[in-house]
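Please open the model in your viewer and keep the selection tool at hand. The stops below are meant to be followed in order.

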Amino acid sequence: MFRGFWGLKIEPGKTYSQTVDASFRLSNAALGLELKDKKRTSVVLTIDNMNFVLCSLTPGSIEQQSLDICLTEGEDITFETVGDNEVFLTGNFLSPEEDSDEDSDDDVDLSSLSPEQIQELIDQGLIDPESLLDEDDSEDEDYDSEDAIEDDRIQEITEKDESDLEEDEKEEEEEKPKPEPVAEVKIKKQAKKAEKRKAAEEAAAAAKEAEAASAKKAKKEQRKEKSDKKSLNLQGGVVAEIKKEGTGNGVKKGARVGMHYIGKLTNGKVFDQNTKGKPLWFRLGAGEVIKGWDVGVAGMKKGGERRLTIPAAMAYGKRGAPPDIPPNATLIFDVRLVDFK
């Protein structure tokens, strides 16, 4: 009989821990009404410091999953999800009568079973072999010599009967399947438990790896968005790629500007640079530097960074600037506006 409804709403990024104060059965897991994305969300149960993936739900594919898991009074449990969608768990509390019925089902009448059936129950972990030995010892203690005298089954055995009996016992021993030693039965049970524990740990590890991969992909997309900088096509074919906007107002023609920079040829060779200490100062638009700088630096903000690609006509032209800058050279400058007045 069911005592009442049990339910839990699991929100992404939160954990729900408790010590079970009343036994209950977990029977279903389902996605919430509002879905944040279409990716998989896994339900994880932590019990006895071990993680178990109960199910994985995917919008449009598997949105709910039937379960049959009983959690008993006194167990320390934690529910959580791996994914961005909320999940609802439902089930019912178990009545005391149902608990006692389940306990009574564990009692097995061994007198009606064959040795092969008893061995099979031992292999399944339903019978403790040592308990069978205890029962045999107690029966032997209750059967004394007076019982043997009154027992009609005990008869005087002649030498011939004794010989026949020994041969029969040998044949029975040869035909009787030898049960596995108690130690081997315990080892098999422990191995099965270890396999289940390993499978649960692997499933939990897979869920964590999937979550880490999703987070890594999101960061990569963010970096890609940041790297997609704005480019400006300016006068004379100068191209200004804005790497960092800077702060404040943009610098205008006539202002004195202080710059840090690195100058390179298109093959990557650096021909000039000023990256530390006192910046290079000049008046913007006054012809104190090459035309490409007057055009490319205009509009920059304090702390802003640009990459200027300057054609030869806006730099050193047909003659170049020997020996570092050859004729008709396109120049690339990475510039940063340190300050302006």
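**A tour of the cores, rings and one sheet**

In this predicted model, begin with the largest nonpolar core, which has 27 residues, and select M259, W293, I310 and F333, the members that touch the most others within it. Then colour the elements β11 (256–265), α7 (291–297), β14 (305–310) and β15 (331–340), each of which supplies at least two residues of this core. Another core lies apart from it, made up of 20 residues, and F24, A29, V43 and V87 are among them.

Return to I310 and display its surroundings: leaving out residues up to four places away in sequence, I310 touches V238, I290, G292, W293, A315, A329, T330, L331 and F333.

Next, show the aromatic rings, of which the structure holds eight pairs. Select F271 and F333, an edge-to-face pair with 5.6 Å from centre to centre and 90 degrees between the planes. This pair links distant parts of the chain, since F271 belongs to strand β12 (residues 270–274) and F333 to strand β15, 62 residues apart. F271 has a relative accessible area of 17% and is therefore buried, while F333, with a relative accessible area of 5%, is buried as well. Add W293, which forms a further edge-to-face pair with F333, at 5.3 Å centre to centre and with 90 degrees between the planes. Here too distant parts of the chain are linked, with W293 in helix α7 and F333 in strand β15, 40 residues apart. W293 counts as buried, at 4% relative accessibility. To see the whole aromatic cluster, select Y261, F271, F282, W293 and F333 together.

Is the lysine K264 buried or exposed? K264, which is found in strand β11, counts as buried because its relative accessibility is 19%, below the 20% cut-off. Apart from neighbours within four places in sequence, K264 is in contact with K269, V270, F271, R307, L331, I332 and D334. For another lysine, select K341, which lies over the face of W281 at 4.9 Å from the ring centre.

Finally, turn to an open sheet of four strands, in the order β2-β7-β4-β5 and with antiparallel pairing. At its edges stand β2 (15–19) and β5 (50–57), each with a single partner strand, so one side of each has no neighbour in the sheet. From one strand to the next, the twist averages 20 degrees. Zoom in on β2 and strand β7 (residues 76–82), which run antiparallel and are joined by five bridges, and finish at S17, which stands opposite T78 in β7.

Key: Residues numbered from 1 in each chain as written. Predicted model: local features only at pLDDT ≥ 70, side-chain atom pairs only at ≥ 80, totals over all residues. Heavy atoms only, no water. Core = buried A, V, L, I, M, F, W, Y, C linked by side-chain atoms within 4.5 Å. Buried < 20%, exposed > 50% of the residue type's maximum accessible area, 1.4 Å probe, protein only. Contact = heavy atoms within 4.5 Å. Pairing = 2+ DSSP bridges. Axes fitted to C-alpha atoms, helices over the stretch in contact; angles between N-to-C directions. Phe/Tyr/Trp six-rings, centres within 6.5 Å; stacked < 30°, edge-to-face > 60°. Lys NZ or Arg CZ within 6 Å of the ring centre and 35° of its normal.
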